[in-house]
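Grab a pencil and open the viewer. Here is a set of short exercises, each with a solution worked through in steps.

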Amino acid sequence: MTTTLATDRRARTATPVLPTADARVVLRPLPAGDARITGGFWALRQERNGRDAVRSGHRQLEAAGNFRNLRIAAGLEQGEAVGPVFMDSDVTKWLEAVAWEYGRAPADDLLELQREVTSLYAQAQAEDGYVDSVQQVRSGGERYTDLKWSHELYCAGHLYQAAVAQHRATGDTALLEVAIKNADHLVRTFGDGAAPDGTPKTRDVDGHPVVEMGLVELYRETGTRDYLDLAHWFVDARGHGIIERAGGEPTYFSDRVPVRQATTVEGHAVRAVYLAAGAVDVAVETGDTELLAASERQFADMTATKAFITGGLGARWDWEAFGDPYELPTDRGYAETCAAIGGVQWAWRLLLATGKPVYADAIERLLYNAFLAGVSLAGTEYFYVNPLQQRDHAHRDENRSPAHGRRGWFDCACCPPNIMRTFASLDGSLATVTDGGLQVHQYATADLGPVRVETGYPHDGRVRVTVTEDGPLALGLRIPAWSDTTTVTGPDGRDHPAAGTLHVVERTWTAGDTVELVFDTTPHRWVADARIDAARGQVAIERGPLVYAVEQADQQGFTVDDLTVDADAPITEEHRDDLLDGVVTLRVPGSAPAAHEQSAWPYRRLDRPGGAAHPTDTTGVDDVAGSDAGATAVTAVAVPYYAWANRGALPMRVWLPLAR
């Protein structure tokens, strides 16, 4: 096996999505090494992720048995496979995180971990390219007999993504060789026509998409057109009854309607958004405008009818699924962390394909609220699900419920390594380039090719962009949809661009020229569409890009469950550098009863507040719908939703009932 390692110690930050020169995209990622977060909000989280989470991930995977499964498959140990069927995917997502982290902060120990686990993967691989340790150990050599549940191609997709990351970020080809061998095996096995031995190829799709994204990226890295063609086949094969004929429920598997005909997302949330992201990859590389238009249509419907205010995706605990339109419960909302990551991946691809700022706005909402809530400030404890309310006596699910607080690992550990790889590769999704232009989409203290960005974002709405090279440049700056008024001051004067646009300053620059942006971070109350039953009669509070929550740790003299808030009383801000790594807290006027008494029947007639509440209840007000000891004025303190549960798994809510 030929292995090439990067010999210099310079960062090789690169993007997980790298369209080919022929891809029909409007925007392109910055070249490798041109984007680097250098300080501020995201730098702290990347540092903790790399220093603590990524490195401890190796120990977690060893303890959970993932590596042992590979050793058994390789013939290095004896025993039975443990864990879910997709255990290998946790390994490869972690390997991807190791690669991006090495590109961000080169270190010898990361290379040693990479070499060790990559070698194990190579040893587990069968001669014909097949590799899936759980299937190899448990199934006695049988393959692809129950693809709707076996995750064999899902594991392959994550293998390809990790291999590409390793090659781009470290120069190592070892895992790439494993991936190519496996992908060649898939090309011989799946699709239309005949296999090399003359037998018909297998017309089947995996129950959990991701192989589509992996195959396209492997095509981009190797130039092997067969990989792109197979990805296209997998996308187009869905919705034609393959999974249903195999006994699967088609809606759950995003297999009810052909992808290019679908008008919305449905079923298992992570499956749906991974498939959608892969479809965009296929569309831009093949010039399939119909497929791209379908993806834009589905994304728009998702954000209009199936997304939480945090951007979170997936309404139901049952089957981790999208619900009906406007079915967005607060205390039982699922909003899996992996779904948020998949939503970012989909939106990023749509941004590259179309250049539309709406997708950058969506990425921002997802990153700060839906994704970031899934990991502790320390970076090493995780939420699988992210509801918008936790009651004082919350439902407790042993493996996933926030009622237990964030956990260091899960039996179904898809989220932790997914979070690790997202943090480690975040630099590459801040900005894009065009011929003669640079577009800044996400604001962080960073070096982005010919510009340097400095900001206290997201808590501070001021951003300074300094051009570091002489010459002509069309500098694009996203104006967030949430900023009612924005001031942009540059060498040519002052502008007030509209919210939700890309403001372009085009001129010949002198190194040292600056552009300063001031966004309007005034806190605002939001109400939900009346069809969102769970939020009716309530408000949520946002400041800048951040959704806020009221958490019990900050309240004095009342419980979060009892709080009602005023509709229009002024909200005041306080900068707290000593709290939750430094946040802006909001003080929200409201009211709460001093105490409750339990009633015989918890309902009362609205037209007789002091009368009988139930046909068998004539006892009067003290036993009717509870007895409150008078509502008193209170001031609730709200913190960014992403930071909740870092002081214990305490009661919390995003949607706050209005006082009547």
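**Exercise 1. A hairpin**

Which residue in β19 does E574 stand opposite?

Solution. Bear in mind throughout that this is a predicted model. Start with the strands: β18 covers residues 572-576 and β19 covers residues 583-593, and they run antiparallel with five bridges joining them. Next, look across from E574, and you land on T585. Finally, check the connection: six residues sit between β18 and β19 in a hairpin, and L580 in that turn has a positive phi of about 55 degrees.

**Exercise 2. The seven-stranded sheet**

Work out the strand order of the open sheet of seven strands, then find its edge strands.

Solution. Step one is the order, which reads β2-β6-β7-β8-β13-β10-β11, with antiparallel pairing. Step two is the edges: β2 (35-39) and β11 (493-495) each pair on one side only. Step three is the twist, averaging 15 degrees from one strand to the next.

Now walk through some of the pairs. Three bridges join β6 to β7, and A446 stands opposite V453 in that pair. The β6-β7 hairpin has two residues between its strands, with G449 in the turn at a positive phi of about 55 degrees. Moving on, β7 meets β8 (residues 462-467) through five bridges, one partnership being R452 with T466. Six residues make the hairpin link from β7 to β8. Further along, β10 (residues 486-490) and β13 (residues 514-519) share four bridges, with T489 partnered by E516.

Last, look at what covers the sheet. Helix α1 (residues 40-64) lies across β2 and β6, at about 95 degrees to β2.

**Exercise 3. Two faces of one strand**

Which residues of β7 are on its covered face, and which are on its uncovered face?

Solution. Begin with the general pattern: side chains in a regular strand alternate between the two faces of the sheet. Then sort residues 451-455: V451, V453 and T455 are on the covered face, while R452 and E454 are on the uncovered one.

**Exercise 4. The five-stranded sheet and L475**

Give the order of the open five-stranded sheet, and place L475 in it.

Solution. The order is β1-β4-β5-β9-β12, and the pairing is mixed. Each of the edge strands, β1 (28-29) and β12 (501-509), has a single partner strand, so one side of each is left without a neighbour in the sheet. Now zoom in on β9 (residues 471-479), which runs antiparallel to β12 with nine bridges between them. There, L475 has V505 of β12 as its bridge partner. Helix α15 (residues 357-371) packs on this sheet, touching β9 and β12, and its direction makes about 60 degrees with that of β9.

What else does L475 touch? Leaving out residues up to four places away in sequence, its contacts include L438, V440, V451, V465 and W509. L475 is also among the residues that touch the most other members of the largest nonpolar core, along with W42, W94, Y160, W346 and L448. That core has 182 residues, and helix α12 (residues 269-286) gives the most to it, with 13. Another core, of 19 residues, lies apart from it and includes I309, L328, A540 and V654.

**Exercise 5. Cysteines**

Why is C155 not bonded to C412?

Solution. A search of the whole structure gives zero disulfides. For C155, the closest cysteine sulfur is in C412, but 12 Å separates the two, which is too far for a bond. C412 is in no disulfide either: its nearest cysteine sulfur, in C414, is 4.1 Å away, and the cut-off is 2.5 Å. As for surroundings, C155 is buried at a relative accessible area of 2%, and C412 counts as buried at 12%.

**Exercise 6. A helix and its end**

How many of the 19 residues of α7 are buried?

Solution. Helix α7 takes in residues 152-170 and reaches 27 Å from its first C-alpha to its last, close to the 27 Å expected. Count the buried residues and you get 18 of 19, so α7 is mostly covered (buried being under 20% relative accessible area). Just after the helix, G171 takes a positive phi of about 85 degrees.

**Exercise 7. A loop residue**

Is F308 buried or exposed?

Solution. First locate F308, in the loop between α13 (289-305) and α14 (337-354). Then read its relative accessibility: at 5%, F308 counts as buried. Its contacts include L313, L328, P329, Y334 and L388.

Definitions and conventions
Residues are numbered from 1 along each chain as its sequence is written. This is a predicted model: local features need pLDDT of at least 70, side-chain atom pairs count only at pLDDT 80 or more; totals for chains, interfaces and linings use all residues. Side-chain values use heavy atoms; hydrogens and water are left out. Buried means under 20% relative accessible area, exposed over 50%, partly exposed in between (1.4 Å probe, protein chains only). Two strands pair if DSSP finds at least two bridges between them. Axes are lines fitted to C-alpha atoms, for helices over the stretch in contact, and angles run from 0 to 180 degrees between N-to-C directions. Contact means heavy atoms within 4.5 Å. The expected span of a helix is 1.5 Å times one less than its number of residues. A nonpolar core is a set of buried Ala, Val, Leu, Ile, Met, Phe, Trp, Tyr and Cys residues joined through side-chain atoms within 4.5 Å.
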